[in-house]
Amino acid sequence: MEVLLGKTFKEIQQIVEELNMPRFAAKQITQWLYQKKASSIDEMSNISLKHRQILKDKYTIGRTDFIGKQESTDKTVKYLFATNNNRFIESVYIPEKERATLCVSSQVGCKMNCLFCMTGKQGFAGQLTSGDILNQIISIPESNSLTNIVYMGMGEPLDNLEELFKSLEIITSDYGFGWSPKRITVSTIGPLPALKRFLEESKVHLAISLHSPFHFERLSLMPIEKAYPLSDVIHLIKQYDFSHQRRVSFEYILFAGLNDDFKHALALSRLIKDIPCRVNLIKYHRIPEINLPASDTNKMVEFRDFLNDRGIACTIRTSRGEDILAACGMLSTNKNKE
Ligand code: SF4
């Protein structure tokens, strides 16, 4: 059975044509998929019984429920979904005062092997389709109250570019969820060719995982630095306008004694000084078998104040869901081991 969820309007038009259904059925089907969020073709009551049957003979909607969840005392909820190759992915729902954000996964595991990341330790086990990505958004109980989506879960979204683009098209199109691109952020470690396409072909916000302004140090944390050094990423970013519709932010995990001192803050401020941006400092959630210590709060405050004093907007991201190990990859790793 082929899956309808995640198909763009154009793709649904092709399906309708192949099945000899009336042309207007494409609009009806996309409405059922993305606006009424139907979970079965039988719900498509304005499509004739005959055409529903023709559709059902070859297609299914492809919705899957989450198979587990963990709720933090701070109301952060981590959802676990099974993939069709017997692996697991996670999505994290983060309610705040005026926002409700869902952090979605874009791959099953990840190839990038960043030293500090539990998902990286899993290795790569497959791409998610745009339907798998959208399913995370529409299959959680809080779906209708979401205000923001961040692609910061498992995987490197730009290593799954076509499915990322399809999911973004559906979330932001009138035929889909009809969201403003300003409500969406894609986080990446910066594979350059894909980043260039992303900057050319999408309008959503960008977050770059930076973590060290120094080449060899960043390389020790993030193997991608070898193929696509941060200096090239920064050079590329400077060619685009981030002063109006679209924002760029830099994510910086602080590790005690490694990247959290004055020297790093100064080098970082010099590196990004010409870019209208924000820096988000992130407290490290320790992962098993990796001996990287997290910086303490005083160090984080000093680092933040140093950047603020140099005119760079910098905030310390509130740690959420610590009691449920909300660092991405922990829950699915445990489930994979089971
Ligand atoms: S930090 Fe992101 S890119 Fe790096 S291994 Fe983890 S999921 Fe992959």
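Before I start, one term: when I say that two residues meet, or are in contact, I mean that their C-beta atoms, placed from the backbone, lie within 7 Å. What I am showing this morning is a predicted model, and I would like to go through its domains, then its sheet, and then three pairs of helices.

Let me begin with the overall division. The domain assignment splits the protein into domain 1, covering 2-60, and domain 2, covering 68-337. Taken over C-alpha atoms, the centres of domain 1 and domain 2 are separated by 34 Å. Where the two domains touch, domain 1 contributes eight residues and domain 2 contributes 13 residues. On the side of domain 1 that faces this contact with domain 2, the residues are, by class, four nonpolar, three polar and one charged.

Staying with the low residue numbers, please look at helix 1, residues 9-18, and helix 2, residues 25-35, whose axes come within 9 Å and cross at roughly 125 degrees. An angle over 145 degrees would count as roughly antiparallel and one from 65 to 115 as roughly perpendicular, so helix 1 is described as oblique to helix 2. The crossing of these two helices, helix 1 and helix 2, is right-handed. From helix 1 the contact takes F9, I12, Q13 and V16, and from helix 2 it takes A25, A26, I29 and T30. Sorted by class, the residues in this contact of helix 1 with helix 2 are six nonpolar and two polar, with no charged residue.

Now to the sheet. It is an open sheet of 10 strands with mixed pairing, and the strand order reads 3-4-5-6-9-10-11-12-13-14. Strand 3 and strand 14, the latter at 313-316, are the edge strands, each pairing on one side only. On average, and with direction ignored, neighbouring strands of this sheet are turned by 20 degrees against each other.

If we walk in from the strand 3 edge, strand 3, residues 68-71, runs antiparallel to strand 4, residues 77-82, and four bridges join them. Within that pairing, Q70 has K78 of strand 4 as its bridge partner. The two strands, 3 and 4, form a hairpin with five residues between them, and in the turn K75 has a positive phi of about 80 degrees.

Strand 4 then pairs with strand 5, residues 88-95, again in the antiparallel sense, over six bridges. Here K78 is the residue to follow, since its bridge partner in strand 5 is V92, while Q70 is its partner on the strand 3 side. Strand 4 and strand 5 likewise form a hairpin with five residues between them, and N86 in that turn has a positive phi of about 60 degrees.

The next step takes us from strand 5 to strand 6, residues 100-103, where the strands run antiparallel and are joined by four bridges. I94 has T101 of strand 6 as its bridge partner, and the hairpin joining strand 5 to strand 6 passes through four residues.

Which sense does the pairing of strand 6 with strand 9 take, parallel or antiparallel? Strand 6 and strand 9, residues 148-151, pair in the parallel sense, over three bridges. T101 appears once more at this point, standing opposite N148 in strand 9.

Further along the order, strand 10, residues 184-188, and strand 11, residues 205-209, run parallel and are joined by four bridges. One pair to look for there is T188 with its bridge partner I208 in strand 11.

I will close with two more helix pairs. Helix 7, residues 192-201, packs against helix 10, residues 230-237, at an angle of about 15 degrees, with their axes 11 Å apart. Because an angle under 35 degrees counts as roughly parallel, helix 7 is roughly parallel to helix 10. Helix 7 passes helix 10 in a right-handed crossing. L192, L195 and K196 of helix 7 meet D232, V233 and L236 of helix 10, and by class this contact of helix 7 with helix 10 has four nonpolar, no polar and two charged residues.

Finally, helix 11, residues 262-272, and helix 12, residues 297-309, pack at an angle of about 35 degrees with their axes 10 Å apart, and helix 11 passes helix 12 in a right-handed crossing. The contact is formed by F262, A265 and S269 from helix 11 and by F303, F306 and L307 from helix 12. These residues of helix 11 and helix 12 divide into five nonpolar, one polar and no charged.

How values were computed. Residues numbered from 1 in each chain as written. Predicted model: local features only at pLDDT ≥ 70, side-chain atom pairs only at ≥ 80, totals over all residues. Axes fitted to C-alpha atoms, helices over the stretch in contact; angles between N-to-C directions. Left-handed = near helix turned anticlockwise from the far one by under 90°. Nonpolar A, V, L, I, M, F, W, Y, C, P; charged D, E, K, R; others polar. Pairing = 2+ DSSP bridges. Domains from an automatic or database assignment.
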